[in-house]
Structure formats: structure tokens, C-alpha cells
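Colleague: I should like a close look at a single part of this model, namely one helix and the surroundings in which it sits. Please set that part within the rest of the chain as you proceed.

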Amino acid sequence: MGAGHSHEPSETLPPAPPDLRRIVTLVIVPLVVATLIGLIVLWPRGETAQQPSDTMARLHGEVVAATPPCPREVPAQPGGDCGTAQVRVGGETVDAVVPTGPSAPQVAVGDKVVLISSPDAQGGQRYAVVDHDRWGWLLALVALFAAAVIGFARWRGVASLVGLAVSFGVLLLFILPAIQRGEPPLAVAIVGSAVIMFAVIYLTHGVSVGTSMAVLGTLAALVLTGLLGLLCTHLLHLSGAGSDEAAILTNVLAGVDLRGLLLAGIIIGTLGVLDDVAITQLAIVGELSLADPTLSARRLYRSAIKVGRSHVASVVNTIILAYAGASLPLMLLLVTAGTRTRDVLATQVMAAEIVRGVVGTLGLIAAVPITTALAAWAISRAHRHRVSAVPPEQGLTQG
């Protein structure tokens, strides 16, 4: 049933019969072709809807001298600035103002910072510190993450990192630019998620009939997630507006489809968990069939679905708490304002987060029985083919 990596559990299973491989090919190939056509049609072309200003530039430098940081309780100097810092940018040192406020950076000598450069009234340049430059430490953290994954999972870890790179590549090179250029966010998310799904699952787990069952189960759950998202946003009158980010987007990208953006976020956010669940169920069915090759598809399904229920029960809490944690500052703000719990949960922004969590969880629940049933059918069929292919004399000798 498998190919490529010797430590993949499903690879010790008997090869899929030719008729099963033909069936899977006839289903998978049109889906891949449709995904490629969608990628070509929706690929971002032309100029963006909003071009960055050519009067401001972002620079990176190191602080070589700085005034003591302003205490947060002390009012800012006129203009909202709080002293200056000397920053080395390239081969020169410039004076940059340091803003004040709860979210303003507090800098010290040796800090890597990001500057904004803009023309001043005298025809020169005005510099302002806007943030810390975290790129170096981020690269170190990513390197530690990659080393841990490769050290534990070996070549399979390398494959998973390649899949992760593909995911971010699709997100940064296709999904975000296409939405920025005015393409429908929901269609872009569906095509982009399909590209990620095919690439990640096949790269990480190999091309086989078994992994194709996981792909089909994931795709079916994604379609169901999108349909449920459409229904819920319609019934709850969710427009995708209400947050600061949405307000900024409406000014920066005129005509952006905020409801479509909400649905796109639900689909993309659900994809990673669906991948995990689908592959887990495939592995469970494979191991059960190896323990007892005589199990029928029905018995394989019944045994594997018990593990699937436990998996879903634990993941549901993870998903809901993840969305709640992301919304914690907003929830605290609404509660501090004296708003009742019912009114807090019914706001546009909070209702959207609830829909994200609930719809994503329903898609996850649907992926378990779908993937388990497909895997049980394919694997049991492979075992039946192996048994029928053994000559009677050989079977008697082995018995």
C-alpha cells in the first residue's frame, strides 16, 4: 500500500490491487488537475490594490546611544516623542526619536531596532524608532525548532519541514497576494488549502493508496467546513467586520470581502488539524490490520473509530482554548466595560471567533469517520487481494 520510506507503518502492508489503484487514480488525478487550474486562474497578477508609500522607508540599525527610557506614567513630550536615540544604520549614525506610550519600544545601547525614515519640513530626513528588530533571534528559534524536528524524526522530519516550507510559500506567494489583488478570498483559500494538502501529505507520508485515503478524507472535511462556515455566517449575519484589523483593511484595500476573508481563515486554520487527524486514523487502521489481517473493513472501522473518538475529545478542547486565548484581550476589554457575558459572546468579533472554533471542530469530527471508513475499505481490500493471490499449494504449506 505504500512506497518510499521503510519506517512508515502502512508500508509493511500488502500492495494495493491494480483495480484499487486505478480507482484512486481516477479520483485523485482530476482533483489535482482542478487544483492546478484554480491556481493558474487565481494566481496574483498585475499591480496591488494599494501601493506602499514612496515617502517612507523602513531601516534596520543598532542603538549606540539612548536617553533613559521615559517612565510610562510620565506624559510624553510635545509631539508624542520621548527623547532620542543614536542609531547606526549601515555606515552612518542618525538621530531617531523614540515614541512613548504603552506599546512603544523601550531601547537601550546595543539593541537592534527598526526605524522609519520620512522627509521633514526642511527637506532632510526624520527618523523614528518603531520597533525592535527580532529577525536574528527568530532565525535562531527556527533553527532550534528544525534541529529538534530532524533530530527526533530523522528523514521524516526533513520531509515535514519541506511540507511546512511549502505551506508558508503558498500562503505568502499565493493566498495573501491573490486576496490583496481582489480575488475572492473563499475561492483562494480553497485552492490554496488544496495545494497545501496535496503537497504536505504526499511529501511527508509518501505517495500511496493509503495516503490518498487521508487526502480524500481531509478534502471532504474541508468542503464540509466551508459549507458550514457559509451557513453560520449567513444565519448569524457575520460580515467579518468589527475588529481593528478589519477597519484598517477596509481603508487600505477598498472593496475587500471581509466575510470571505473570515471563511478563508476558518478553512486555512482547520487544515492543519485535519491533516493530523486523517493521518492518525490511517495509521491506526494500518496497525490494526497488521495485527490481524483477517479483520474485515467493518471491524477495522469499529476498532479504529474508538481511538478516533478519544483523539477528537482531546483535540476539541485544544481548538476551543486556542481561539479563546487569541481573543483574551478583547474578552477582557468587554468584561471590564461592564458588558454582560451574553452580550460579550454575541458581539460581531466574539461570535466570529466562536464560529471559527465550532465550525473547525465540526469539520474535524467529520474527518474521523470519513478517513477511517476510506482507510478500512482500502486496506481490507488489499489484504483480500493478497490472500486470493496466494496459490492453494503455497497456502497449505504456509498453514
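Modeller: A residue is called buried under 20% relative accessible area, exposed over 50%, and partly exposed in between. Glu62, with a relative accessible area of 27%, is therefore partly exposed. The model is a predicted one, and the same scale serves for the helix chosen here, α10, which covers residues 348–389.

The helix may be followed from its N-terminal part. Val349 belongs to α10. Its relative accessible area is 19%, and because the limit for buried is under 20%, Val349 counts as buried. In sequence Val349 stands 110 residues from Ser239, while their C-alpha atoms are 9.6 Å apart in space.

Next come two charged residues, Glu353 and Arg356. Their side chains meet in a salt bridge, with an N to O distance of 3.3 Å. The two residues are 3 apart in helix α10, which means that about one helical turn separates them. Both Arg356 and Glu353 are buried. Side chains of opposite charge can pair when their charged atoms come close.

Further along α10 is Thr371. With a relative accessibility of 0%, Thr371 is under the 20% limit and therefore buried. Leaving out residues up to four places away in sequence, Thr371 touches Met213, Ala214, Gly217, Thr218, Ala278 and Gln281. Helix α4 spans residues 209–235 and helix α6 spans residues 258–291. The next residue to consider is Val285, whose contacts beyond four places in sequence include Thr372, Ala375, Ala376 and Ile379. Val285 is also in contact with Leu300 and Ala304.

Val285 leads on to the interior of the model. The largest nonpolar core has 54 residues, and those touching the most other members are Phe174, Val188, Met197, Val209, Val215 and Val285. Helix α10 is one of the elements that each supply at least two residues of this core, the others being α1 (18–42), α2, α3 (185–205), α4, α6 and α7 (297–326). The most is given by α3, with 11 residues. A second, separate core holds 12 residues, among them Val89, Ala96, Val98 and Val113.

The UniProt record, an unreviewed entry, carries the feature "transmembrane region" at several spans, including residues 357–379. Other spans given by that record are residues 186–207 and residues 213–236. In the model, residues 186–207 are 91% helix and 0% strand, and the end C-alpha atoms of this span lie 28 Å apart. For residues 213–236 the figures are 96% helix and 0% strand, with 34 Å between the end C-alpha atoms.

On the surface, a nonpolar patch is formed by Trp43, Phe145, Leu164, Phe168, Leu172, Leu173 and Leu176, which together have about 700 Å² of accessible area. One member of the patch, Phe168, is found in helix α2, residues 135–180. Phe168 has a relative accessibility of 48%, between the limits of 20% and 50%, and so is partly exposed.

The pair in α10 may also be set beside other charged pairs. The structure holds 4 salt bridges. In one of them Lys112 pairs with Glu62, the closest N and O atoms being 3.2 Å apart. This pair links distant parts of the chain, 50 residues apart, with Lys112 in strand β4 (residues 112–119) and Glu62 in strand β1 (residues 57–66). Lys112 has a relative accessible area of 44% and is partly exposed, as is Glu62 at 27%. In another salt bridge the side chains of Asp131 and Arg134 meet at 2.9 Å, N to O. Asp131 is partly exposed at 25%, and Arg134 is partly exposed at 45%. Arg356 and Glu353 of α10, by contrast, are buried.

Finally, the chain as a whole gives the setting. Its secondary structure comes to 11 helices and 5 strands. Buried residues make up 38% of its 399 residues. Of the contacts with a separation of 6 or more, 68% join residues 24 or more positions apart. The chain exposes about 21,900 Å², of which carbon and sulfur atoms supply 67%.

Methods: Residues are numbered from 1 along each chain as its sequence is written. This is a predicted model: local features need pLDDT of at least 70, side-chain atom pairs count only at pLDDT 80 or more; totals for chains, interfaces and linings use all residues. Side-chain values use heavy atoms; hydrogens and water are left out. Helices (H or I, at least four residues) and strands (E, at least two) are DSSP runs, numbered from the N terminus. Buried means under 20% relative accessible area, exposed over 50%, partly exposed in between (1.4 Å probe, protein chains only). Patches are made of residues with over 30% relative accessible area and no salt bridge: like charges are joined within 9 Å, nonpolar side chains (Val, Leu, Ile, Met, Phe, Trp, Tyr) within 5 Å. Accessible areas come from the Shrake-Rupley method with a 1.4 Å probe; for residues, only the protein chains shown count as cover. A nonpolar core is a set of buried Ala, Val, Leu, Ile, Met, Phe, Trp, Tyr and Cys residues joined through side-chain atoms within 4.5 Å. Contact means heavy atoms within 4.5 Å. UniProt positions are given in the numbering used here, feature names are shortened, and annotations may be inferred rather than shown by experiment.
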